[in-house]
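User: I am new to this structure. Please take me through it in short questions and answers.

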Amino acid sequence: MSIKVHIHKSHRQFTDGLSVVDSNGKTVGECLDNLIKRYPGIKEKLFDKKGNLLNVIEIYVNLESAYPNELIKKVSNGDDIYLTAKLSGG
Amino acid sequence: MLTQNDLERYDRQIMIHEIGKEGQEKLKSATVFIAGAGGLGSSISIYLAAAGVGTIRIVDHDTIELSNLNRQILHWNKDIGSKKACSAQNKLQTLNPDIEIQGGDETITEENISRLAAGSDLIIDAMDNFPTRYILNKYAVDNSIPFFHGAVKGFEGRVMTVIPGKSACFRCLYKGPVPEEKSPVIGVLPGLIGCIQATEVIKYITGIGELLSNKLLLYDGLEMKFTILKINRNPDCEHCGHLTIQEDT
């Protein structure tokens with residue numbers, strides 16, 4: 001099973017510059033765990049010290065918002081997970 | 001009623017089949033509230049003024065600094081030290097003397113938003129922080145007027161149009177407070193994102209096209225890529241969760 005995780009530009013320094021990383025898992029959370037095992041540096045950019053997804057992070061699955069309860073959202077082979085970050089500038 | 005001067009000034013957009021004289025009259029009759037006269041507010045207000053939106057109210061409490069000038073094209077070197085609201089009002093009124101420009105040198109708060117936005121047909125987000133955006137979104141939802149969100153950072157921007165009672169609102173994506181930061185930004189970015197917001201406003205006022213409602217448009221300037229993401233209304237949303245969603249007929 002392969003799930004593509006699309007890495008936000010600001011996080012690619014932690015994925016060897018890769019914009020898309022193949023992962024696997026039955027949920028978004030499992031796929032992110034798998035991503036973090038391979039690229040541990042990205043963890044603190046996605047989660048706080050208690051393991052909660054940071055408020056600034058938004059997750060989309062197949063171009064649709066996965067909010068709320070993003071981490072338990074089920075995914076299947078061929079799905080795309082997009083990690084984005086809220087912007088505040090104007 | 002359009003004047004002969006209006007017909008000449010707006011000729012190229014009146015020629016657009018979807019706008020015509022009827023659409024131009026709608027623009028002339030409209031009152032818009034622009035929250036912020038910085039990077040986004042500059043491009044939004046310039047193009048709405050040029051398009052003939054009848055009344056533009058633009059509010060900002062800031063003073064112009066040298067470091068603003070890479071992107072805030074309403075303000076020039078000679079304006080450093082002046083208030084943004086005053087500079088914006090003067091420039092926009094000079095650009096188009098046939099419309100009404102109202103500048104407001106105030107900080108937008110929960111207490112004064114009703115007064116500042118009174119009589120506006122819609123609200124345009126040109127802010128640089130989340131707390132004020134939520135004040136604007138709530139006012140828009142409570143008063144059933146559209147809210148046009150835009151935000152920028154680096155080479156990346158986003159746009160979303162909120163139609164209360166019909167679409168997800170800006171608060172529907174709220175997960176909790178986000179740390180404030182000083183955003184880096186390439187100067188052309190708020191120009192482009194502001195133009196997209198202004199396009200949404202013109203479409204809404206004239207009743208044409210398809211809006212970015214229930215959608216989030218992401219722009220990546222480095223890869224020159226636009227992505228449209230689907231946004232879902234949150235039934236537990238603090239701002240719009242109580243509304244009954246109206247389906248388009």
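## Two chains and their contact

Analyst: About 2,400 Å² is buried between chain B and chain A, and carbon and sulfur atoms give 51% of that area. Keep in mind that this is a predicted model.

User: How many residues does each chain bring to the contact?
Analyst: The two sides are counted separately. Chain A gives 22 residues to the contact, and chain B gives 36 residues.

User: How many salt bridges cross the interface of chain B and chain A?
Analyst: Side chains of opposite charge can pair when their charged atoms come close. Here the rule asks for a Lys or Arg side-chain nitrogen within 4 Å of a carboxyl oxygen of Asp or Glu. E58(A) and R158(B) meet it, with their closest N and O atoms 3.1 Å apart. Across the interface, the count of salt bridges is 6.

User: How many residue pairs are in polar contact across the interface of chain B and chain A?
Analyst: Both residues of a pair must have pLDDT 80 or more. On that basis, the number of residue pairs is 20.

User: Which element gives the most to the side of chain B that touches chain A?
Analyst: Several elements give two or more residues to this side, among them α4 (39–51), α7 (130–142) and β5 (147–153) of chain B. β6 (156–162), β7 (215–220) and β8 (225–230) of chain B are also on that list. With 4 residues, the one that gives the most is β8(B).

User: How many residues on the side of chain B that touches chain A are nonpolar?
Analyst: This side also holds 9 polar and 10 charged residues. The nonpolar residues number 17.

## Inside chain A

User: How many residues of strand β5 of chain A are buried?
Analyst: The strand spans residues 80–85 and is mostly covered. Buried means under 20% relative accessible area. Of its 6 residues, the number buried is 5.

User: Which strand runs antiparallel to β5(A)?
Analyst: β1 (residues 3–6) of chain A runs parallel to β5(A), joined by 3 bridges. In that pairing V5(A) partners I81(A). On the antiparallel side there are 5 bridges, and I57(A) stands opposite A85(A). The antiparallel strand is β3 (residues 57–61) of chain A.

User: What covers the buried residues of α1(A)?
Analyst: Helix α1 covers residues 28–38 of chain A, and its buried residues include V28(A), L32(A) and L35(A). The cover includes β1, β2 (20–23), α2 (43–46), β3 and β5 of chain A.

User: Is K86(A) buried or exposed?
Analyst: K86(A) sits in the segment after β5 of chain A. K86(A) touches residues of both chains, including N55(A), V56(A), F130(B) and L173(B). Its side chain makes a polar contact of 3.1 Å with that of E58(A). At a relative accessible area of 8%, K86(A) is buried.

## Salt bridges and backbone details

User: Which residue meets D79(B) in a salt bridge?
Analyst: D79(B) is buried, at 6% relative accessible area. The partner counts as exposed, at 62%. Their N to O distance is 3.1 Å, and the partner is K78(B).

User: How many residues apart are E181(B) and K153(B)?
Analyst: These two form a salt bridge, with the closest N and O atoms 3.1 Å apart. The pair links distant parts of the chain: E181(B) is in the loop between β6 and α8 (188–206), and K153(B) is in strand β5 of chain B. Their separation is 28 residues.

User: Which residues join E223(B) in one network of salt bridges?
Analyst: E210(B) and K215(B) meet in a salt bridge at 2.4 Å. Salt bridges that share partners make up the network that holds E223(B). The other members are K9(A), R12(A), D220(B) and K225(B).

User: Which peptide bond is cis, with omega near -5°?
Analyst: The proline involved lies in the loop between β4 (64–65) and β5 of chain A. The bond runs from Y67(A) to P68(A).

User: What is phi of D16(A) near?
Analyst: D16(A) is in the loop between β1 and β2 of chain A. D16(A) is exposed, with a relative accessible area of 68%. Its phi is positive, in a residue other than glycine, and near 55°.

Terms used:
Residues are numbered from 1 along each chain as its sequence is written. Chains are lettered from A and ligands numbered from 1 in the order in which they are written. This is a predicted model: local features need pLDDT of at least 70, side-chain atom pairs count only at pLDDT 80 or more; totals for chains, interfaces and linings use all residues. Side-chain values use heavy atoms; hydrogens and water are left out. Contact means heavy atoms within 4.5 Å. Buried area is the accessible area (1.4 Å probe) that two parts lose on being put together, summed over both. A polar contact is a pair of N or O atoms within 3.5 Å; within protein, one must be able to donate a hydrogen and the other to accept it, and residues adjacent in sequence count only if both atoms are side-chain atoms. Ala, Val, Leu, Ile, Met, Phe, Trp, Tyr, Cys and Pro count as nonpolar, Asp, Glu, Lys and Arg as charged, and the others, Gly among them, as polar. Buried means under 20% relative accessible area, exposed over 50%, partly exposed in between (1.4 Å probe, protein chains only). Two strands pair if DSSP finds at least two bridges between them. Lists of a residue's contacts leave out its neighbours within four places in sequence.
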